[in-house]
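Thanks for coming. Please have the structure open on your screen while I talk, and turn it as we go.

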Amino acid sequence: MFSGEKFLVKRPHKNSFDCIKVAWAYPNTYAVGMAGLGYQLVWWLLDQQSNVMVHRVFTDAVEDGWDTCDLIGFTLSWELDYANVLQIMRQRGLEPLAELRDEKCPLVFGGGPVLSANPEPFAAFFDVILTGDAEATIPAFIAEWKECQGLSTRQEQLTRLATIPGVYVPSLYACKYNEDGSLLETFPLNNSAPATLARPVFMPPDDYVAHSVILSDASSWSNMFLVEVARSCPQECRFCLASYLTRPFRSSNVDTLMNKIDLGLQHTRKIGLLGPSVTEHPRFREIAERLLAIGGDQIELSIASIRMDTIDPLVLEMLRKLGQKSVTIALESGSERLRAIMKKNLTEDEIIKGTELIEQSGLEAVKFYGIVGLPGETPGDLQETIRLLTFLKKKHKRLRIAFGVSSFVPKAQTPFQWAGRDRDSGEKIELIRKHLAKCGIDVRPESHNWSDVQAYISRGDRRISQTLIEVAQSTAKLGSWKKAWRQPGSNCPKSDFFIYRQIPYEETLPWSHLTDSAKQVMLHKHSVVAADLAASLV
């Protein structure tokens, strides 16, 4: 236990001598890791088992005993944190490559959105990768690991674990490549490993809502109680990993949600509502009314982002009275044409009306998010973004308006997974920054160079693992990436192959064996519709 923490759930009594010891690692600082609901959720799922001892690990802090654990697990929610995974392995005395670790080494497993979407760049590092909802995979994985203890070799253990839905054992698969460098197939090496992995989905009962189980004054969101309002998003914008990876959309039971918020309020005033699109909850107005009834003297509310077309006076009154001074909205583009291509389902009239309501509510600021370089984008779409945001700023001078702009990164298991990055993203971001800064908008650009790195990892395959190791062992800065890309190795394609290439629909993808045929057909249909819209809309 770390100082400044408060446990909100009852913990079972345990005999440490009979327990499986698990090191549960977040590949970043304690402040960042403990601010993540996903990390806390898996910790709780492990800790609630009477014969499991969990030791938390971060890059700057560890709990005693982690270096003697039977299992060491990582969650990876951001591609660039992988270097810290390898750093923690080195700290534990482990080789980064699973094939070089012997039977005495702990089994290394991983999960999280990055690994669930495309684990292949990291396949050489992990013994086991868990896909699907944690509530479904973690208990099944631990239960099977207990049964594996009577087996004599690690290979026998891995072969047995591979039979569990959602448990992917990379070493039980091999890859063949075409002469042009594209992937021909990924195939299982024995009958225990399924040809296509099933991703377990957790359908929560009415009395379940994921929420913070530990409050910490040292986390990035100091002493904030987090509660999940919804999982996935019904809008399914075609670039969005959160929508397609976690399908189907599930909303929390309102009474259970409010009961969990009451639990949090027993320990803190700070409540954070989480979900890709919180206000998409079908009964969010009722939630807003019940939160308002609690009152601003009892609760300080935080919502990450809301959809512009769900804004109404009640929701804005709730935000203002419960402590928020601003609101964050994912606009993506000022072009109605481009929003249609990406399936944003948001009209300009809704954007204008929503901004008017924000100003009328008394909130002080609005932060929009946008993306350049999306598939189908034209110079006219960029000008539309400049035009719309300039109009909103001139019309609403009192509002502080910020615009966070990034460049499109293709994500595995989304309809835009086949599209390459736009080589002109850097110039496009600068064009928008230059024009919007003139009218007083606070433009916050993300590095397009680092977005190249994210795309390289997001669409990479097993052949880039050596590059990942080399960069991690160097400075892990942009210069290290550029140096490594100049000499990719004899069997690895150049970086452009993964970053910029438009992948043909008929090509086997590195993650094809991790998605069933129905999902692949659905993603393909979405991609075709987007291409047709890009061609027909002018």
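Find the largest cavity, whose lining is made up of 14 residues. Those nearest its centre are Arg459, Phe497, Arg501, Glu507 and Pro510. Before going further, I should say that this is a predicted model. The space in this cavity comes to about 90 Å³. What classes of residue make up the lining of the largest cavity? Six are nonpolar, three are polar and five are charged. As general background, rolling a probe the size of a water molecule over the atoms shows where empty space is left.

How many cavities of 30 Å³ or more are there? The count is four. The second largest holds about 80 Å³ of space. Around it you can pick out Glu79, Val114, Ala117, Asn118, Phe122, Leu241, Lys411, Ala412, Ile457 and Ser458. Two helices, α4 at 113-117 and α15 at 448-458, each give at least two residues to that lining. By class, the lining of the second largest cavity has six nonpolar, two polar and two charged residues.

Now look at Phe497 again, one of the residues nearest the centre of the largest cavity. Helix α18 covers residues 495-499, and Ser495 lies in it. Is Ser495 buried or exposed? Ser495 has a relative accessible area of 10%, so it counts as buried. Setting aside neighbours within four places in sequence, Ser495 is in contact with Tyr456 and Trp485.

Next, a sheet. Three strands form an open sheet in the order β11-β14-β15, and the pairing is parallel. Its edge strands are β11 (225-228) and β15 (300-303), each of which pairs on one side only. On average, neighbouring strands in this sheet are turned by 25° against each other, ignoring direction. Four bridges link β11 with β14, which spans residues 270-274. One pair to click on is Leu226 and its bridge partner in β14, Gly272. Helix α8, residues 254-265, packs on this sheet and touches both β11 and β14. The direction of α8 makes about 175° with that of β11.

On the other side of the pairing, β14 and β15 are also joined in the parallel sense, over four bridges. Here Ile271 stands opposite Leu301 in β15. Why is β14 described as largely enclosed by the rest of the structure? Because four of its five residues are buried. For strands in general, the side chains alternate between the two faces of the sheet when the strand is regular.

A helix gives a similar kind of case. Helix α2 runs over residues 37-47, and nine of its 11 residues are buried, so the rest of the structure largely encloses α2. The buried ones are Leu37, Tyr39, Gln40, Leu41, Val42, Trp43, Leu45, Leu46 and Asp47. In general, an α-helix has 3.6 residues a turn, so residues three or four places apart point the same way.

Last, a hairpin. Strand β8 (residues 173-177) and strand β9 (residues 183-188) run antiparallel and are joined by five bridges. Within that pairing, Ala174 has Phe187 in β9 as its bridge partner. Five residues sit between the two strands of the hairpin. Which residue there takes a positive phi? Gly181 does, with a value near 95°.

That is the end of my list.

How values were computed: Residues are numbered from 1 along each chain as its sequence is written. This is a predicted model: local features need pLDDT of at least 70, side-chain atom pairs count only at pLDDT 80 or more; totals for chains, interfaces and linings use all residues. Side-chain values use heavy atoms; hydrogens and water are left out. Buried means under 20% relative accessible area, exposed over 50%, partly exposed in between (1.4 Å probe, protein chains only). Two strands pair if DSSP finds at least two bridges between them. Contact means heavy atoms within 4.5 Å. On a 1 Å grid over the protein atoms alone, a cavity is a set of points where a 1.4 Å probe fits but cannot get out, and a pocket is an open set with protein on both sides within 12 Å along at least five of seven lines; lining residues have an atom within 4 Å of a point. Grid points are joined across faces, edges and corners, and a volume is the space filled by probe spheres set on the points. Ala, Val, Leu, Ile, Met, Phe, Trp, Tyr, Cys and Pro count as nonpolar, Asp, Glu, Lys and Arg as charged, and the others, Gly among them, as polar. Axes are lines fitted to C-alpha atoms, for helices over the stretch in contact, and angles run from 0 to 180 degrees between N-to-C directions.
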